[in-house]
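Me: I am learning how the words used for protein structures are justified by values. Could we go through one model and set each word against its cut-off?

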Amino acid sequence: MRQIVLDTETTGLEPEQGHRIIEIGCVELDNRRLTDNRFHCYLNPERDIDAGAVEIHGLTNEFLADKPVFSQVVDEFLNFVRGAELIIHNAPFDVGFINSEITRLAHGRNGLGPVDSCCEVIDTLSLARQKHPGQRNSLDALCKRYAVDNSQRVLHGALLDAEILADVYLVMTGGQTRLMLGGDESVELEINTEPRRLDANRKPLRIVRATAEELKAHAEQLAHIASKSGAA
């Protein structure tokens with residue numbers, strides 16, 4: 001099964017107010033294993049970025065001025081995700097922005113439709129709320145809960161956040177994640193949450209019981225410990 005873990009950064013919070021996507025980051029999972037296949041781009045939003053948004057992701061109008069606009073990358077992006085299962089944290093936000101961008105182009109482009117019409121979508125925020133009701137379920141909170149390294153996440157970034165979310169998703173759903181060994185070296189850590197059932201026809205376990213002498217020595221040792229600790 002092919003899955004794409006996706007994240008975006010935007011100029012603000014509401015596409016209905018004209019806010020735009022400025023970064024898209026995607027990483028690929030093939031049969032629940034992270035591949036080297038990536039899609040990443042910065043975009044010129046053709047409008048100013050809210051100051052509050054800059055504080056979150058650090059992307060400025062000056063940095064994005066020479067980047068492509070969405071219409072220049074939409075075909076490559078849709079070809080990358082088409083037919084895959086999209087994994088997104090707070091999916092309505094990102095899907096809403098992507099569909100808003102597509103809607104801007106659809107009147108002049110045949111065959112363009114909502115991204116969720118060509119992909120199934122899994123919202124990891126909804127999954128986390130089901131598994132951990134009443135708890136904080138932000139990406140940072142899930143990293144802490146599942147011991148996923150997010151030490152590089154000083155600012156939000158679409159590609160970095162997609163990579164981190166991939167690790168969180170695999171652990172949260174009982175798969176595997178990467179165990180960092182230092183530097184760039186890492187290994188796959190398998191996590192199995194299925195119950196392990198013993199063979200009903202197995203030989204009975206051997207029970208070794210303490211002798212009377214051993215029980216007496218044990219009692220004397222406990223009494224000695226109690227007297228030294230002041231508990232006697």
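Me: Which residues of helix α6 (residues 139–146) are buried?

Reply: In this predicted model, the buried residues of α6 are L139, A141, L142, C143 and Y146. What covers them includes α5 (124–131) and α7 (158–172).

Me: What makes A147 worth a look, just after α6?

Reply: A147 takes a positive phi of about 55 degrees just after α6. Most residues other than glycine have a negative phi. Two further residues that are not glycine have a positive phi as well: R32, at about 65 degrees, and N90, also at about 65 degrees. R32 is found in the loop between β2 and β3, whereas N90 is placed in the loop between β4 (85–88) and α4.

Me: Why is N90 called partly exposed?

Reply: The relative accessibility of N90 is 33%, and the term partly exposed covers values between the 20% below which a residue is buried and the 50% above which it is exposed, so N90 counts as partly exposed.

Me: How do you know whether L29 is buried or exposed?

Reply: L29, which has its place in strand β2 (residues 21–30), has a relative accessible area of 0%. Buried means under 20%, and therefore L29 is called buried. Leaving out residues up to four places away in sequence, L29 touches M1, R2, Q3, V5, L34, I87, A166, Y169 and L170. One of these, V5, is 24 residues from L29 along the chain, and the C-alpha atoms of the two are separated by 7.5 Å.

Me: How many aromatic pairs are there, and what makes F39 and F77 one that is tilted?

Reply: The count comes to four aromatic pairs. For F39 and F77 the distance is 5.6 Å centre to centre and the angle between the planes is 50 degrees. Rings pair if their centres lie within 6.5 Å, and an angle that is neither under 30 degrees nor over 60 counts as tilted, so both values fit the description of F39 and F77 as a tilted pair. This pair links distant parts of the chain, with F39 in strand β3 (residues 33–42) and F77 in helix α3 (residues 70–81), 38 residues apart. Both F39 and F77 are buried.

Me: Why is the pair of Y42 and F63 called edge-to-face?

Reply: The planes of Y42 and F63 are 85 degrees apart and the centres are 5.0 Å apart; since an angle over 60 degrees counts as edge-to-face, that is the name of this pair. Here too distant parts of the chain are linked, Y42 being in strand β3 and F63 in helix α2 (residues 61–64), 21 residues apart. Y42 counts as partly exposed at 25% relative accessibility, and F63 is likewise partly exposed, with a relative accessible area of 37%, because both values lie between 20% and 50%.

Me: Which charged end sits over the ring of F63?

Reply: The charged end of K67 sits over the ring of F63, 4.0 Å from its centre, and the distance part of the rule asks for a value within 6 Å. In a similar way R2 lies over the face of F80, at 5.2 Å from the ring centre. F80 also belongs to an aromatic cluster, which it forms with F39 and F77.

Me: How are α3 and α4 placed to each other, and at what angle do their axes cross?

Reply: The axes of α3 and helix α4 (residues 91–106) come within 11 Å and cross at roughly 115 degrees, and the crossing is left-handed. On the α3 side F70, S71, V74, F77 and L78 take part, and they meet I98, E101, I102 and L105 in α4. The residues of this contact divide into seven nonpolar, one polar and one charged.

Me: How many helices and strands does the whole chain have?

Reply: The chain has eight helices and seven strands, and 38% of its 232 residues count as buried.

Definitions and conventions:
Residues numbered from 1 in each chain as written. Predicted model: local features only at pLDDT ≥ 70, side-chain atom pairs only at ≥ 80, totals over all residues. Heavy atoms only, no water. Phe/Tyr/Trp six-rings, centres within 6.5 Å; stacked < 30°, edge-to-face > 60°. Helix = DSSP H or I, 4+ residues; strand = E, 2+ residues; numbered from the N terminus. Buried < 20%, exposed > 50% of the residue type's maximum accessible area, 1.4 Å probe, protein only. Lys NZ or Arg CZ within 6 Å of the ring centre and 35° of its normal. Axes fitted to C-alpha atoms, helices over the stretch in contact; angles between N-to-C directions. Left-handed = near helix turned anticlockwise from the far one by under 90°. Contact = heavy atoms within 4.5 Å. Nonpolar A, V, L, I, M, F, W, Y, C, P; charged D, E, K, R; others polar.
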